[in-house]
Amino acid sequence: MHRTLTTPVPRSTRAPRSAPAPRPAPTDLLSVAGRSRGPLRAAAALGAGGLLLTGCGSPAPAPGSQDDLQARLPKAVKAAGVLKIGSYLNYPPVDFKDSGGAPAGLDPELAKAIGSAIGLKVEFTDMPFEKLIPAVQAKQIDLAMSAVIDTKQRQLGAADDGHQADAGVDFVDYFGSGTSMVVKAGNPLNLSSLESLCGRTVAVQRGTVQDELATRQTAACLRTGKQLQIHRFESDDQALAEVAAGAAAADLNDYPVAQYNTTQPGRVGTFELAGSNFLQAGPYGITVARGNTALRDVIAKALDEVIHSGEYDKILAKWNLHRGAVSSAVVNGGL
């Protein structure tokens with residue numbers, strides 16, 4: 001759903017021109033391998049007149065280094081020097097605005113770490129969740145990062161009935177999540193599964209995996225003779241308000257958000273999680289336009305660098321989201 005330079009290797013000292021130098025052995029010209037950002041030079045004094053020639057060479061950057069990742073970027077992104085990221089900033093603790101109006105949460109912090117690994121700034125655009133994938137496809141933004149759950153249906157751009165609805169997208173999966181059910185504290189209706197919602201009303205955020213999940217469940221409920229009503233809203237806060245008011249039996253949302261909404265001050269004693277298992281599991285994926293494999297693969301490699309550096313675990317720890325940690329980036333791992 002929804003919802004971190006290396007010190008340049010010093011140039012070698014020029015040989016004095018006062019006297020010719022013997023031709024160096026080939027090993028004298030070997031460069032120091034590593035993550036140098038500047039060219040390595042080897043001086044050789046050639047000829048009876050003492051003419052000094054300097055040869056230049058640039059070693060290949062180390063795999064996964066900032067230089068390596070930048071070299072792999074699409075030209076337009078590299079020239080811009082910024083990753084333009086779309087997000088619906090209304091889904092704490094994953095993505096939201098802090099008291100000063102700046103992007104905050106898991107996604108913005110992880111995006112900044114990925115950008116730093118590549119040597120790019122990140123720029124967030126707040127937009128409705130359902131507009132994120134179309135904006136990526138139209139190249140209005142480079143990426144969407146807003147607790148978007150990677151599903152095969154979204155990869156293929158397929159509608160619920162199987163027909164081709166859009167061009168589809170690629171995902172770089174970065175967090176393991178799933179759908180949870182939020183109910184009133186005490187769970188007065190004893191809800192625990194999708195089946196237990198039949199004959200009741202469920203609240204969801206429009207255009208999310210939870211919206212799709214509830215829609216599919218309506219057919220199953222009809223077979224039992226108990227109709228499931230769905231109330232769709234632009235934000236999860238509106239869906240929660242329905243539950244608090246008793247107008248909906250439950251709110252379906254992602255586990256990180258469900259946990260946040262049942263443990264934060266002011267909400268403890270108002271809501272609780274129904275059941276201990278995910279109703280449906282699925283990874284969060286950084287959304288990339290289908291066919292933009294260069295950017296997709298750079299993002300995947302940068303994410304791996306952030307994971308291996310330990311920065312990833314620090315970000316998850318800050319938001320109490322250890323349960324969803326992944327060990328490496330996966331491309332299109334959703335089902």
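## A tour from strand β13 outward

Select Ala144 and you will find Thr287 of β13 standing opposite. Helices (H or I, at least four residues) and strands (E, at least two) are DSSP runs, numbered from the N terminus. The model is a predicted one: local features need pLDDT of at least 70, side-chain atom pairs count only at pLDDT 80 or more, and totals for chains, interfaces and linings use all residues. Residues are numbered from 1 along each chain as its sequence is written, and side-chain values use heavy atoms, with hydrogens and water left out.

**Stop 1: strand β13 and its partners**

Colour residues 280-289, which make up β13. Eight of the 10 residues of this strand are buried, so the rest of the structure largely encloses β13. Buried means under 20% relative accessible area, exposed over 50%, and partly exposed in between, with a 1.4 Å probe and protein chains only.

Now add the partners. Strands pair if DSSP finds at least two bridges between them. Strand β7 (residues 143-144) runs antiparallel to β13, over two bridges. Strand β8 (residues 169-184) also pairs with β13 in the antiparallel sense, over 10 bridges. To see the register, pick Gly176: Pro283 of β13 stands opposite.

**Stop 2: aromatic pairs**

How many aromatic pairs does a search of the whole structure find? The search returns four. Rings of Phe, Tyr and Trp (its six-membered ring) pair if their centres lie within 6.5 Å; planes under 30 degrees apart count as stacked, over 60 as edge-to-face, and the rest as tilted.

Select Phe96 and Trp319. Their ring centres are 5.7 Å apart and their planes meet at 85 degrees, so this pair is edge-to-face. Phe96 sits in strand β4 (residues 96-97) and Trp319 in the loop between α10 and β14 (330-331), so the pair ties together parts 223 residues apart in sequence. Phe96 counts as buried, at 16% relative accessibility.

Go back to the β8 and β13 pairing and show Tyr174 and Tyr284. These two form a tilted aromatic pair, 6.0 Å centre to centre, with 50 degrees between the planes. Tyr174 belongs to strand β8 and Tyr284 to strand β13, so the pair joins parts 110 residues apart in sequence. Both tyrosines are buried. Add Phe175 to the selection: Tyr174, Phe175 and Tyr284 form one aromatic cluster.

**Stop 3: helix α9 and Arg296**

Select residues 293-309, helix α9. The helix has 17 residues and spans 24 Å from its first C-alpha to its last, close to the 24 Å expected at 1.5 Å a residue. The expected span is 1.5 Å times one less than the number of residues. Buried positions in α9 include Leu295, Val298, Ile299, Leu303 and Ile307. Just after the helix comes Gly310, with a positive phi near 95 degrees.

Is Arg296 buried or exposed? Arg296 is buried, with a relative accessible area of 16%. Contact means heavy atoms within 4.5 Å. Leaving aside neighbours within four places in sequence, Arg296 is in contact with Asp170, Val172, Val288 and Val331.

**Stop 4: salt bridges**

Stay on Arg296. A salt bridge is a side-chain nitrogen of Lys or Arg within 4 Å of a carboxyl oxygen of Asp or Glu. Arg296 makes one with Asp297, with 2.9 Å between the closest N and O atoms. Asp297 is partly exposed, at 36% relative accessibility. Show Asp170 and Arg290 too: with Arg296 and Asp297 they are linked in a salt-bridge network.

The whole structure holds 10 salt bridges. For another, select Glu109 and Lys318, whose side chains meet at 2.7 Å, N to O. This pair links distant parts of the chain: Glu109 is in helix α3 (residues 106-118) and Lys318 in helix α10 (residues 311-318), 209 residues apart. Glu109 is partly exposed, at 21%, and Lys318 is exposed, at 54%.

Next, select Asp237 and Arg267. Their closest N and O atoms are 3.6 Å apart in a salt bridge. Asp237 lies in helix α7 (residues 236-245), and Arg267 in the loop between α8 (255-263) and β12 (271-274), 30 residues apart.

**Stop 5: the disulfide**

Finish on sulfur. A disulfide counts as a pair of cysteine sulfur atoms within 2.5 Å. That rule gives one disulfide. Select Cys198 and Cys221, whose sulfur atoms are 2.0 Å apart. The torsion about their S-S bond is about -80 degrees, so the disulfide is left-handed. Cys198 lies in the loop between β8 and β9 (201-205) and Cys221 in helix α6 (residues 209-223), so the bond ties together parts 23 residues apart in sequence. Cys198 is buried at 13%, and Cys221 is buried at 0%.
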